[in-house]
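Here are my notes on the model, set out point by point for you to follow alongside the coordinates.

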Amino acid sequence: LASRAFKEQDTIIQIDDITIGGEQIHIMAGPCAVESREQLFEAADIVKAAGATLLRGGAFKPRTSPYAFQGLEEQGLKYLAEARERTGLKIVTEVMDANTLPMVAEYADILQIGTRNMQNFFLLREVAKMDKPVLLKRGSSATIEEWLMAAEYIMAGGNYNVILCERGIRTYENYTRNTLDLSAIPVVKHLSHLPVIVDPSHALGKWKFVPPMAAAAVTAGADGLLIEVHPNPSEALCDGPQSLTPENFQALMKDLGKIADAV
Ligand code: PEP
Ligand code: MN
């Protein structure tokens, strides 16, 4: 179902007035985690003003350490919904398990499956039953074939609105957090009709390298970007080192505008 051989035409995912996978490039931006109402609103206003159309922010956080901030859970989802009311931005947020799926789906416009859950087949089968688009992140050690098979699980369960997200894979290189597999963009476009977006923030892990790779992803044919932006990265509870400041995000959006005109 996910393959180009099955369906030749690009899939375009409609969320009200937004179309993902068509001509336009969409920017999903916001903090790694929803930390407070004030932090989220500030981030939402910044990314909206700079031209993003979707707001990201985790309410349930899959942290490596059990002692790290785990997210505001339902309160965080409520803040996201309020931020949508305030700005008109659509909401992308991660769902970590089947128990909390109905709750997350109540607030989200797009359900994010994180890299750690890409092959949680039970969860994939559950999101397949939901009437919401799914942003499927590539597993950090998944081949393109495995990633497309994970998409296949969601589609086989009846949900055809799958957006693939390349977020870097684990390699021997450890200067960057992961290695952004830019080649996955044209390869997936060749193999599949699904939209592909790129998350340079989690791939690079260091904010300085995010803008050039965001530009490269758009040039390589990505349908959109997922970018972490924090009003004050040095105080972020999660992923501060890879988060863009408001100024850096504005500068990136300006540069992307020039690229979009050029490609
Ligand atoms: C995220 O986007 O918040 C996240 C946890 O990303 P990943 O699953 O790619 O690590
Ligand atoms: Mn993050």
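1. The largest nonpolar core (buried Ala, Val, Leu, Ile, Met, Phe, Trp, Tyr and Cys residues joined through C-beta atoms within 7 Å; buried means 20 or more other C-beta atoms within 10 Å of a residue's own, with C-beta atoms placed from the backbone) has 84 residues, of which V47, L136, A151, I163, L164, I227 and F249 touch the most other members. Helix 5 (residues 144-156) supplies the largest share of this core, 7 residues; helices (H or I, at least four residues) and strands (E, at least two) are DSSP runs, numbered from the N terminus.

2. This is a predicted model, in which local features need pLDDT of at least 70 and side-chain atom pairs count only at pLDDT 80 or more, while totals for chains, interfaces and linings use all residues. Residues are numbered from 1 along each chain as its sequence is written, and chains are lettered from A and ligands numbered from 1 in the order in which they are written.

3. Leaving aside neighbours within four places in sequence, L164 is in contact (C-beta atoms, placed from the backbone, within 7 Å) with L136, W147, A151, V188, L194, P195 and V196.

4. A closed barrel of 8 strands runs 3-4-5-6-7-8-9-10 with parallel pairing, where pairing requires that DSSP find at least two bridges between two strands. Within the barrel order, strand 8 (residues 162-166) and strand 9 (residues 196-198) pair in the parallel sense over 3 bridges, and E166 stands opposite V198 in strand 9.

5. Ligand 1 is surrounded by C32, G58, P62, E94, G114, T115, K137, R167 and H202, each counted as near if its C-beta atom, placed from the backbone, lies within 6 Å of the molecule.

Technical notes
A residue is buried if 20 or more other C-beta atoms lie within 10 Å of its own, exposed if 12 or fewer, and partly exposed in between; C-beta atoms are placed from the backbone. Two residues are in contact if their C-beta atoms, placed from the backbone, lie within 7 Å.
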